[in-house]
Amino acid sequence: MTPPAEAAAVRAAPPERGWPVLRTTAGDAELTDRLLAPIGTTARWWWILFALSGALTLLYVALIGYTVARGIGTWGNDIPVAWAFGIINFVWWIGIGHAGTFISAFLLLLNQKWRASVNRLAEAMTIFALVNAGIFPILHLGRPWFAYWLVPYPSALGVWPNFLSSLPWDVAAVTTYFTVSLVFWYLGLVPDLATARDRLSGTWRRRVYGILALGWRGTATEWRRYHVAYGLLAGLAAPLVVSVHSVVSLDFAIAQLPGWHSTIFPPYFVVGAIYSGLAMVLVLVIPVRHVFGLQDVITERHLQCTAKLLLAMGLMLAYSYGVEQFSAWYSGDVYERYAFLAARPRGPYAWAFWATLALNLVTPQLFWWERWRRSLPALFTAGVLVLVGMWLERFLIIVASLNRDFLPSSWHLYAPTWVDLGILAGSLGLFALLILLFLRFVPLVALSEVKQLRHELARERP
Amino acid sequence: MTERRPPAPPGDAPTDAPARATPLFPRWANRAMGVAIAVVFVTVLAGPALLMAWVRTPDLRRQYEPVPQPVPFSHPVHVTGLRLDCRYCHATVERAASAGLPSTATCVPCHNETFMQSAVMAPVRASLATGRPVPWRRVNGVPDFVFFSHAAHVKKGVGCESCHGRVDRMAQVYQAEPLSMGWCLGCHRDPAPHLRPRAEITTMGYVAPDTLGAALMRAYAVRRLTDCTTCHR
Amino acid sequence: MSRGPHGTARDARDEARGDAPAPLQLAEFATGDELRAAVERLRALGYRDVEAYSPYPVPGVAEALGRGRGGIPLVTLLGGLAGAAIGYGVQWYTQAWSYPLNIGGRPSNAVPAFIPATFEATVLCAALAAFLALLAGLRLPRLWHPELGVPGFERATVDRFWVRVGGRDRRAADVALTRRELEGLGAVRVVEVA
Amino acid sequence: MSDEQRATSDGRRPAEFPPGVARPGPVLSRRDFVRLLGASAALAGVYGCSRRPDELILPYVHQPPELTPGVPQYYATAMTLDGLATGLLVESHDGRPTKVEGNPDHPASLGAAGVHEQASVLQLYDPHRSRHVRHGAQQADWDAVARLLAPVALGQRVGARGEGLRLLLEPTASPLTVALLARVRERWPAAGVHVHAPFAAPDDGDALLPLPDLTRADVVLALDADFLASGPFHLRWAHDWAVRRGAGGGPSRLYVVESGFTPTGATADHRLAVRPGELETVAAALLAGVRAARGVTSAPTAPTTADEATTAWLRAAARDLAAAAGRCVVVAGPRQSATVRLLARALNAELGNEGRTMWYVRSPLLGAGDASVGSLADLAAARDVDTLLVLGGNPVYDAPADVDVAGLLRRVPNTVHLGLYEDETARACAWHVPALHYLERWGDARAYDGTASLVQPLVAPLFGGHCADELLALVAGEATPRAHDLLQTHWRGRAGDRASGFDAFWREALRRGVIADSAAPRAASAPVPAVVPPPAAPPRAAAGTLEVVLAPCPKVHDGRFADNAWLQELPEPMTTLTWGNAAQLSPATAARLGVESGDELALGAGGRTVRVPAIVVPGVADGVAVLHAGYGRDGAEETARGVGVRAQGLFPRAARYALAGVTVARTGAHHELALTQPHWRLHGREPVRVVAPGQPVAREDAAGGTRRRALPLYERQPGAPHQWAMTIDLDRCTGCGACMVACQAENNVPVVGPEGVRDGREMHWLRIDRYYADAATDAAAAAPAGPLSVAQPMLCQHCEDAPCEYVCPVEATVHSSDGLNEMVYNRCVGTRFCSNNCPYKVRRFNWFDYNRDLGDVEALQRNPDVTVRERGVMEKCTFCVQRIREAEIRASVEGRTLGPNEVTTACAQACPTRAIVFGSLTGAGSEVARLREDPRAYAVLDELGTEPRVRYLARVRNANPALAASRAPSASEAAT
């Protein structure tokens with residue numbers, strides 16, 4: 001057969017017959033050019049978004065400076081609510097990070113084909129979310145300039161961090177997670193950077209990509225070992241996904257506060273993390289595939305797989321909520337019972353409780369139906385709603401547990417200040433800024449993997 | 001070349017791109033890259049290490065740095081020469097947290113009129129005349145959140161020399177020890193080697209027999225005090 | 001023992017025989033299947049120092065060339081073990097040895113509390129070990145390679161498939177013969193690397 | 001909300017921030033910049049070992065023999081309030097008074113010191129004190145005053161006999177002042193002397209003061225008398241009451257009849273809430289009841305009171321009193337009508353208490369029973385006054401509403417004011433002379449029981465100034481009077497006959513703080529007129545009107561302490577309200593008016609209106625609103641200005657303390673009250689336990705299951721010789737708050753201001769929780785017995801398995817070998833995890849740099865033995881570790897071992913009832929070890945296994961069986 005005929009054969013596979021993971025009709029060269037096209041884009045929308053997110057980032061920097069200069073009192077925190085927005089944002093961002101590693105590592109190990117075209121973007125999302133997640137634990141300190149005291153180094157004082165506390169565990173977990181994610185991401189990038197080096201124009205730009213590509217040539221040896229190492233990293237990253245948010249959950253679970261002191265927290269947090277991360281993937285992928293016209297590479301298949309995962313995670317989350325309430329009731333402990341059965345549904349933050357349930361548990365039920373899994377607006381909206389819902393969940397866990405603990409005499413309400421809100425907005429701005437830069441400078445789809453996938457699919461067809 | 005091949009996917013028709021002749025990097029780029037990476041790696045590792053070393057340097061702590069005083073008071077002359085006991089001037093060392101600096105009046109009994117006229121004693125004369133104190137400059141100091149009691153240490157048999165060094169040999173007094181928390185802990189964890197009989201507290205160059213430490217620990221009821229509130233209150 | 005991209009032990013032996021290295025020749029192929037076929041044939045013809053280049057891993061090529069895992073799994077394992085040892089060691093030293101304190105009445109060597117940080121250290125060291133082992137084994141970064149100057153070779157990372165023979169391989173000593181054989185394998189073109 | 005927003009959130013926000021309260025500063029001030037530099041240095045790993053700064057050491061030129069630099073000294077002196085003295089020992093660091101303690105030898109103190117005494121040391125360093133003599137708008141000097149009052153010049157204006165001369169004094173019992181006044185009157189026979197203070201002892205010429213002996217009273221009944229927590233002798237009475245309460249043979253029983261809710265009422269076993277107008281009827285009913293119970297013939301039938309329950313309550317109380325005849329006491333509040341006080345007298349006589357548990361002393365106050373001393377009203381009425389000396393006090397602010405002091409001061413050509421501040425009165429006077437703080441001056445004073453003390457200065461006047469005695473001496477004709485000389489001449493006259501000679505007497509008087517056997521003789525009985533004036537019929541509670549009570553604020557009293565940030569931020573004992581006052585209403589009344597806490601009310605009477613926020617307080621009598629005086633100040637005291645509402649403006653002379661028929665209306669405005677404890681209910685929890693006499697602490701928890709002690713999870717680590725611990729007896733604690741101020745003074749605890757309190761950022765290391773039994777908060781507020789309310793001092797419990805410690809990532813809070821939960825400020829990075837995990841929520845965080853903006857003067861009060869905390873670090877109660885360590889060092893210096901009861905904390909030392917006991921568990925005769933074994937001892941939240949070192953002793957409710965039916969006391973009552 002001659003190539004054109006085969007092309008026709010593939011083209012003949014229409015989207016409605018099954019859910020093709022790849023519908024492109026382009027050849028390797030054309031595909032490469034299309035996927036490299038976003039690099040160096042100068043579209044107007046890009047510049048507008050860049051300006052907006054840049055402005056928010058500047059606000060972020062300014063408010064961080066203000067907080068450090070004037071004191072953490074510029075936030076709304078009080079006693080008993082000594083933790084609030086700072087930790088909420090930390091948990092929220094690090095949770096979002098999880099989907100990237102989940103998609104790239106788990107799906108690789110499970111040999112899921114649809115991973116190929118979204119893992120790059122998802123991993124980028126992970127790293128940028130972790131950048132934010134790394135800022136908040138330091139910023140929320142009373143004396144951030146001593147944050148390095150949490151690192152075990154031989155100081156002239158002769159004292160050390162305390163590893164009974166979960167906070168040094170956090171330092172270890174987040175650092176490890178960030179480093180491994182970065183290495184994993186970069187390793188996956190190397191072949192594509194080489195492609196960029198060889199395909200793009202402009203000597204200096206090519207030199208930059210050339211240096212980053214480390215001199216990759218795509219020899220059989222390179223590919224062989226590359227896959228060994230990549231697989232190992234995936235194998236290491238997978239338990240990391242589980243461990244990191246488990247450790248984060250221990251920041252609460254090792255405390256004895258009613259509402260925190262719960263054995264279901266680690267799995268509960270991991271599920272919630274991946275849940276919010278998948279939502280963020282939807283929120284990012286849908287517009288990106290649209291503006292860059294990648295519908296044939298990132299197909300409806302990807303979106304509906306994400307939607308199914310969202311539904312699954314949502315159900316697990318519902319289970320976790322249920323278990324929390326049940327064990328509170330079953331324990332018979334007066335403090336637990338009050339925290340879960342009285343304070344949350346009827347207390348001062350009941351609105352957050354009910355909003356959390358509505359957003360996190362009701363939203364995903366949409367995706368029992370295929371027509372909703374197909375609908376881009378529905379998917380995008382669901383993503384946004386879940387992101388809000390997960391932020392509120394953390395608000396509930398932290399603020400609503402702290403504000404009414406053991407002794408009624410110390411109960412006190414909490415309200416954020418404009419600084420709190422500004423910093424949250426600023427962190428969103430920084431995240432958006434980094435994503436925009438990523439789109440402009442980095443191949444946003446794993447070229448070699450997509451090509452390989454395309455040829456595999458071609459081979460599978462009769 | 002007649003073997004059956006599975007169909008190649010579409011779009012593999014050679015689309016000839018402009019052939020580039022010149023390589024992107026010269027041959028020496030390999031070594032350059034290696035060197036660059038090595039440099040980055042070393043600096044990243046060495047930076048913190050150097051910092052940690054630096055905070056332990058005498059320079060940072062102004063150790064061994066003589067402090068010029070308004071009156072060129074010579075400890076060698078008074079201690080070695082005149083055999084004055086430290087407590088003659090630092091009178092409250094045995095009963096108060098502060099060892100106490102001598103009031104101007106303390107100088108008078110020994111320093112007769114004629115000697116008092118010498119130029120170096122001008123500040124002392126001024127102080128006596130105006131009633132304003134002589135502005136001595138601090139040599140040994142700890143931060144405000146550290147509470148140190150001379151009396152407690154002296155009563156437990158810690159000699160002046162242990163922290164202040166051979167003052168009898170210092171023409172100008174300087175800080176002899178680092179006075180860092182780590183340094184304090186060294187002695188608080190294992191006091192025995194640093195103890196001496198109370199009679200020898202002010203002796204300079206005293207060498208305690210090895211066995212003495214343990215005995216003194218019992219005699220003076222010395223405890224290993226590593227509780228934070230021993231010093232931080 | 002692994003057979004590196006530029007050979008190792010065998011090279012040494014050739015070295016001993018004092019042979020001059022054969023000139024490198026590159027052959028371009030249109031599809032991955034042609035590449036795999038070519039590689040298999042070259043091996044059958046007895047070429048020892050053969051390397052294949054492809055924009056994506058072509059199934060069977062690495063196997064045909066008998067490429068190994070380069071010992072990366074072992075290095076990773078060792079890295080992980082070292083990480084575990086360091087992780088727990090640091091915690092034990094700081095909490096139970098250097099300055100043991102009464103913290104909430106807990107024992108100083110609190111094994112359960114030391115698990116999370118130990119685990120993280122393990123993963124971190126293992127991952128870094130794997131990455132470094134890969135780079136070291138492939139002798140990367142290496143910005144300059146002789147092939148990279150060859151016109152058209154840049155498409156090796158885009159949509160074309162190349163084979164290189166020559167180097168420390170007596171079978172490739174006869175340039176003309178090798179060239180004929182390569183063309184015989186259906187190469188779009190054959191280039192001799194200067 | 002941010003500072004900036006908060007500034008606008010509340011109309012009554014003070015114009016200026018009080019001393020020591022963080023102000024919203026520039027985004028990056030120079031100091032911040034310097035700090036950031038320090039931070040970067042710290043990032044370089046240099047912190048704690050940074051380059052030693054260049055410092056000077058300035059030794060004495062001539063070393064004072066009695067002084068050792070760095071070693072504090074104690075001097076005895078006395079502080080007077082409303083003319084009566086409390087003896088004190090004041091700690092001085094290198095010449096700076098830093099801390100006030102009670103004088104164990106003084107009858108009014110017995111070693112305790114109340115909130116006002118504790119806080120007075122801050123007033124000494126108040127930067128808002130006036131610093132110059134002023135005449136009109138010009139700055140003048142003392143000589144000008146001397147010229148003004150020089151006999152010749154004065155005579156020309158006020159006439160040869162001083163017809164135009166008037167003196168207005170605060171109540172005083174100072175022998176020197178009284179003597180000087182006598183000399184003034186010799187010199188100016190026609191001069192008028194007037195005394196005014198809004199809350200001084202009765203001014204109706206009654207010269208006899210009741211002096212109950214509470215150590216022997218099995219039954220005590222208080223007629224609207226807050227004798228445990230306020231008044232000139234309350235420290236002593238609280239002590240005596242606690243002694244009897246804790247003695248063997250069962251606790252005493254306390255009945256309280258009152259209209260507001262006071263600490264005494266909360267301490268009562270049975271409490272009756274009545275409107276002020278009903279009190280005379282109630283007292284009469286009691287007398288009748290007692291007579292009936294004692295079978296006295298010709299007992300008049302008891303007047304019927306408002307309702308059946310009240311009558312039943314009174315009958316039971318009367319029977320109980322009668323049963324304890326000779327072993328009981330009836331006390332009436334000093335501000336009650338003569339009728340009530342006479343009825344109380346009659347009751348004590350009827351019960352045969354006189355000479356047993358009840359004695360009387362002649363009031364040492366100037367003008368007591370002396371018609372020649374006029375009142376403020378007389379003065380305001382006086383015509384052709386030429387020269388008026390206002391020696392202390394602030395009548396323009398606190399005079400009864402219908403006494404026109406401002407007009408008087410406008411009328412009089414020469415008005416001279418002596419005071420600590422340029423207050424409202426000073427501004428209305430032509431002359432102002434800065435007064436000396438009592439820690440700056442020489443003088444003398446008498447206590448409630450007549451005991452005399454010398455007042456000696458601890459520090460040279462900070463801002464210059466003079467005392468009343470010097471001014472009086474001027475008027476009496478002395479050219480250059482000096483208080484010290486005046487005092488010595490005065491006492492030389494009286495002490496001359498002592499064999500030992502004057503100098504010995506002088507030294508002894510200064511050393512002990514008490515002049516030997518100077519107390520007034522006790523009278524065994526007081527005359528009771530044959531016919532006690534019949535009780536006035538209680539006013540009909542007209543619909544829509546309230547009876548409003550004016551009470552001295554437990555914190556700022558009549559306003560004289562309004563500039564004291566410690567007292568402003570001290571929670572009011574019953575409401576925990578800080579930084580202001582509010583109209584206290586019972587839940588029923590509030591419901592009837594449809595108001596909630598914070599809603600602003602307009603209270604109107606006699607054409608005068610006061611707009612004040614309401615606050616709902618269970619236990620206040622229905623139809624009654626209680627207002628605290630001392631707020632709404634408008635003087636030069638910046639801390640006080642604009643805080644709260646001036647309640648005095650409502651009350652005419654005829655009804656100084658209680659006004660009926662006050663109209664009430666909602667203004668619609670709402671204020672966010674600065675409460676430190678917004679929640680009073682227990683929600684089924686048992687932080688406080690209440691038991692019947694002899695009953696041990698309940699072993700059942702709320703769920704009904706038996707409470708098992710949590711097994712210790714970890715083996716104890718070897719400890720030091722001493723193991724420090726504390727017990728707090730809830731049956732002795734009245735919640736007066738002295739411990740809170742003592743702690744604040746001892747430990748350099750900063751003040752955060754009203755915004756800080758609203759944001760839940762108050763810094764008190766020791767707080768006093770106030771719980772109300774839920775049954776009470778809901779319904780029974782109106783029930784005769786009133787609600788059950790318990791105060792609980794809550795501080796760091798120094799848990800042996802402390803939840804805060806294991807969560808700190810940098811080992812900034814760890815456990816010491818002698819059982820202290822240590823907080824290392826300089827190691828803290830401020831994660832605040834410890835606070836989250838503290839089930840008692842006793843940890844405090846420096847949200848801002850509260851100490852940065854301290855003025856140089858205020859900084860002088862700081863205790864040099866305690867680190868001043870910087871921004872961003874956690875702090876909390878340390879068991880006064882600085883005292884422990886100092887004591888240990890002192891002991892080792894003296895070559896002895898430290899006794900178990902030798903060290904005490906600031907709170908325990910200040911407590912008048914000795915409710916707080918501190919010491920070591922080890923060692924023979926350890927009191928705290930003994931109390932830990934008491935059947936009433938329990939640990940708060942012990943089910944969490946924190947093993948606290950603080951143990952509480954359950955509150956005892958010694959109910960009268962006859963009344964028990966109405967409310968059965970039990971642990972569950974406090975819990976459910």
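Me: In what order do the elements of chain C run from the N terminus on?

Reply: The order is α-β-α-β-α-α-α-β-α-β, built from 6 helices and 4 strands. Helices are DSSP runs of H or I with at least four residues, strands are DSSP runs of E with at least two, and both are numbered from the N terminus. This is a predicted model, in which local features need pLDDT of at least 70 and side-chain atom pairs count only at pLDDT 80 or more, while totals for chains, interfaces and linings use all residues. Residues are numbered from 1 along each chain as its sequence is written, chains are lettered from A and ligands numbered from 1 in the order in which they are written, and side-chain values use heavy atoms, leaving out hydrogens and water.

Me: What share of the residues of chain C counts as buried?

Reply: Of its 194 residues, 54% do. Buried means under 20% relative accessible area, exposed means over 50%, and partly exposed is in between (1.4 Å probe, protein chains only). The accessible surface of chain C comes to about 7800 Å², and carbon and sulfur atoms hold 62% of that. Such areas come from the Shrake-Rupley method with a 1.4 Å probe, and for residues only the protein chains shown count as cover.

Me: Why is F326(A) called partly exposed?

Reply: The relative accessible area of F326(A) is 46%. That value is not under 20% and not over 50%, so F326(A) falls in between.

Me: What makes a nonpolar patch of F326(A), W329(A), Y330(A) and L341(A)?

Reply: Patch residues have over 30% relative accessible area and no salt bridge; nonpolar side chains (Val, Leu, Ile, Met, Phe, Trp, Tyr) are joined within 5 Å, like charges within 9 Å. A salt bridge is a side-chain nitrogen of Lys or Arg within 4 Å of a carboxyl oxygen of Asp or Glu. F326(A), with 46%, is over the 30% limit. The four residues F326(A), W329(A), Y330(A) and L341(A) have about 470 Å² of accessible area together. Helix 10 (residues 300–331) of chain A gives the most, with 3 residues, and F326(A) lies in this helix.

Me: How do you know that N748(D) is buried or exposed?

Reply: N748(D) has a relative accessible area of 0%, which is under 20%, so N748(D) is buried. N748(D) touches R862(D), N863(D), V866(D), T867(D), V868(D) and R869(D), not counting residues up to four places away in sequence. Contact means heavy atoms within 4.5 Å. N748(D) lies in the loop between helix 21 (738–746) and helix 22 (753–758) of chain D, and has a positive phi of about 55° although it is not a glycine.

Me: Why is D224(D) not called buried?

Reply: D224(D) has a relative accessible area of 21%, which is not under 20%, so D224(D) is partly exposed. D224(D) also has a positive phi, near 50°, and is not a glycine. The loop that holds D224(D) runs between strand 10 and helix 7 (234–246) of chain D.

Me: How do you know that strand 11 and strand 12 of chain D pair?

Reply: Two strands pair if DSSP finds at least two bridges between them. Strand 11 (residues 253–258) and strand 12 of chain D are joined by 4 bridges, so the condition is met. V257(D) has L272(D) as its bridge partner in strand 12 of chain D.

Me: What makes strand 12 and strand 13 of chain D edge strands?

Reply: In the open, parallel sheet of 4 strands with order 12-11-10-13 in chain D, strand 12 (270–273) and strand 13 (328–332) each pair on one side only. Neighbouring strands of this sheet are turned by 10° against each other on average, direction ignored. Helix 11 (residues 338–350) of chain D packs on the sheet, touching strand 10 (219–223) and strand 13, and its direction makes about 170° with that of strand 13. Axes are lines fitted to C-alpha atoms, for helices over the stretch in contact, and angles run from 0 to 180 degrees between N-to-C directions.

Me: Why do both faces of strand 37 of chain D count as covered?

Reply: V950(D) and Y952(D) on one side, and R951(D) and L953(D) on the other, are all buried. In a regular strand the side chains alternate between the two faces of the sheet.
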